[in-house]
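User: Hey, I've got a model open and I'd like to talk through a few spots in it. Can you pull it up?

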Amino acid sequence: MTGLGTLDAWVGRTIGVGWLPTRRDLDAYQLRCLNETIGKARVESPFYRSLAGWPETSHLDELKDIDRFPLTTADDLARGDPSLIALPLRDAVRLVTIPTSGTSGRQKRLFFTEADIEATVAYFEHGMATLVRPGSCVAIAFPAERPDSVGDLLMRGLDRMGAIPVALPVDGPVEALVAALRELQPAAIAGMPVTLGAAARCMAADGGPPLRIETALVSADSVSPSFRTALAVIWGTEVFEHWGMTETGYGGALGCDAHDGLHVRETDLHIEIVDADTGRVLPDGSEGEIVITTLRRRGLPLLRYRTGDSGSIAESPCRCGSVLRRLRLAGRIGEPVALGDGKRLRPEVIDDAIFAVTGVIDFLVEFRSGRHMVVGLVTSDPRTVDEVRSVLRSHPAIGPALRAAGIDIAVEIAVDPPPPPCRKRRVLGVEHVA
Ligand SMILES: [Zn+2]
């Protein structure tokens with residue numbers, strides 16, 4: 001039913017060509033925008049003016065020349081001195097403060113202008129048109145009350161394309177979410193995997209009437225196979241992945257119906273993949289850290305910003321026919337769980353293994369005193385407890401790693417479980433490898 005044709009057509013109009021853009025059109029647009037962004041940033045932002053390692057000339061002859069410029073990091077955003085801002089503060093319409101996971105406790109601060117917000121709403125409008133029809137009801141499982149929050153901007157984009165977005169109650173129990181969905185009967189849903197997974201599993205277990213939801217937009221840095229299967233089985237849903245963060249202006253890359261990577265929002269982002277240790281640019285197909293440069297942001301431009309997410313750029317063209325480059329996501333950099341004696345586990349492996357058990361609605365994993373892995377389960381079927389324990393023990397990656405580290409597995413039913421969070425599931429109490 002879908003296809004990126006409409007998104008490519010919009011990209012063509014946005015970058016100023018009157019036809020479906022070719023790769024050459026996009027590269028020429030990106031080069032022009034990079035030169036403008038870099039030139040202005042150096043002149044107008046105190047941070048970029050004083051940034052060490054800046055090459056003698058700010059002009060790029062080709063896209064790949066961007067590798068001559070220094071990389072920037074979340075620390076640069078958190079420090080705020082000198083400021084990255086390249087315009088008077090009164091022109092910034094929205095200030096976003098993002099808590100960082102680092103130990104410094106400093107927060108990243110970002111500013112958006114009216115034009116930045118408009119660019120995101122337009123991207124959501126045309127991106128969502130690839131998976132939602134005009135007139136369809138779309139349930140929004142992101143917090144949407146705050147003006148210019150991601151949920152609010154997504155709803156504004158959907159509204160413009162003629163769909164009917166409705167915000168779900170996301171800060172209450174999962175049963176409230178399920179009741180709202182049954183009443184709404186939406187054609188599509190948007191949210192984080194944890195939220196949608198819990199709602200679907202709860203609905204499958206409660207004996208109430210089934211629901212069919214055609215498409216889901218899922219925002220995450222990786223979507224597990226067990227989650228994708230659960231939504232397909234329970235709601236008959238085709239899952240479209242989205243990748244983005246506040247730094248990308250929320251929207252960043254969107255899956256298509258080929259489901260083989262996510263098409264980058266190339267109207268606003270130039271993407272590079274670098275070696276996380278050396279910072280060197282890697283060729284297409286190689287996995288490394290995703291680095292973004294904003295193309296149209298004048299207030300707070302980000303130049304070669306290290307996102308902390310890892311992935312690769314697909315080498316071959318997409319089956320859907322879009323010329324937009326594709327990202328294959330591979331999770332957060334440096335987030336594996338350290339189990340001692342050099343053994344590591346990726347949180348998404350644990351997540352996928354536990355959610356693959358049909359009776360699981362939601363869960364929390366906690367590592368205690370480096371000796372116990374405690375899984376708090378939300379389930380309506382007590383037999384799920386034994387099943388999860390046995391799945392973890394016999395899992396080819398998890399079982400041997402836990403045994404080697406001398407960690408035992410305890411699975412229990414969670415008492416007073418919190419509502420499924422509108423964010424990534426976190427594994428608690430673990431020591432993260434830096
Ligand atoms: Zn595609």
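User: Let's start with Asp-408. Is Asp-408 buried, partly exposed or exposed?

Analyst: Partly exposed, with a relative accessible area of 38%. Keep in mind that this is a predicted model. Asp-408 is placed in strand S18, which covers residues 408-413.

User: Which residues is Asp-408 in contact with, leaving aside its neighbours within four places in sequence?

Analyst: Arg-371, His-372 and Met-373.

User: And how far apart are the C-alpha atoms of Asp-408 and Leu-154?

Analyst: They're separated by 43 Å, and the two residues are 254 apart along the chain.

User: OK, zooming out. Which domains is the protein divided into?

Analyst: Domain 1 runs over 1-333 and domain 2 over 337-428. The contact takes 25 residues from domain 1 and 19 residues from domain 2. Their C-alpha centres lie 29 Å apart.

User: How much area do domain 1 and domain 2 bury between them?

Analyst: About 1700 Å², and 62% of that is on carbon and sulfur atoms. On the domain 1 side, Val-194, Arg-201 and Ser-226 supply 36% of the area buried against domain 2, more than any other three residues.

User: What about charges and polar pairs there? How many salt bridges are found across the interface of domain 1 and domain 2?

Analyst: Zero salt bridges across that interface. What you do get between domain 1 and domain 2 is six residue pairs in polar contact, with both residues at pLDDT 80 or more.

User: Which elements each supply at least two residues of the side of domain 1 that touches domain 2?

Analyst: Helix H8 (193-205), helix H9 (225-235) and strand S13 (326-332). H8 gives the largest share of that side, seven residues. By type, the residues on the side of domain 1 that touches domain 2 split into 14 nonpolar, seven polar and four charged.

User: Switching to salt bridges in general. What does the count come to?

Analyst: The count is 23 salt bridges. One of the pairs is Arg-298 with Glu-36, at 2.9 Å from N to O. That one links distant parts of the chain, 262 residues apart: Arg-298 is in the loop between strand S11 (288-294) and strand S12 (305-313), and Glu-36 is in helix H2 (residues 23-44).

User: And how exposed are the two partners, Arg-298 and Glu-36?

Analyst: Arg-298 is partly exposed at 26% relative accessible area. Glu-36 also counts as partly exposed, at 40%.

User: Got another one where I can look at exposure? What does Glu-62 form a salt bridge with?

Analyst: With Lys-64, and the closest N and O atoms are 3.6 Å apart. Glu-62 has a relative accessible area of 41%, so it's partly exposed. Lys-64 is at 55%, so that one is exposed.

User: Then there's Arg-265 and Asp-268. Are they buried or exposed?

Analyst: Both Arg-265 and Asp-268 are buried. Their side chains meet in a salt bridge, 3.3 Å from N to O. There's also a network of salt bridges that links Arg-23, Asp-27 and Glu-266.

User: Now Arg-304. Where is it placed, and is it buried or exposed?

Analyst: Arg-304 is in the loop between S11 and S12. With a relative accessible area of 3%, Arg-304 is buried.

User: Which residue has its backbone oxygen 2.7 Å from a polar atom of the Arg-304 side chain?

Analyst: Phe-69. Arg-304 touches quite a list of residues, not counting those up to four places away in sequence, including Ile-66, Asp-67, Pro-70, Glu-272 and Val-291.

User: Last topic, backbone angles. What is phi at Tyr-250 and at His-259?

Analyst: Both are positive: about 70° for Tyr-250, which is not a glycine, and near 50° for His-259, which isn't one either. For background, most residues other than glycine have a negative phi.

User: Where do Tyr-250 and His-259 lie?

Analyst: Tyr-250 lies in the loop between strand S7 (238-243) and strand S8 (253-255). His-259 is in the loop between S8 and strand S9 (262-264). As for exposure, Tyr-250 counts as buried at 12% relative accessibility, and His-259 counts as partly exposed at 36%.

Terms used:
Residues numbered from 1 in each chain as written. Heavy atoms only, no water. Domains from an automatic or database assignment. Contact = heavy atoms within 4.5 Å. Buried area = accessible area lost by both parts, 1.4 Å probe. Salt bridge = Lys/Arg side-chain N within 4 Å of Asp/Glu carboxyl O. Polar contact = N/O pair within 3.5 Å; in protein donor to acceptor, adjacent residues only side chain to side chain. Helix = DSSP H or I, 4+ residues; strand = E, 2+ residues; numbered from the N terminus. Nonpolar A, V, L, I, M, F, W, Y, C, P; charged D, E, K, R; others polar. Buried < 20%, exposed > 50% of the residue type's maximum accessible area, 1.4 Å probe, protein only.
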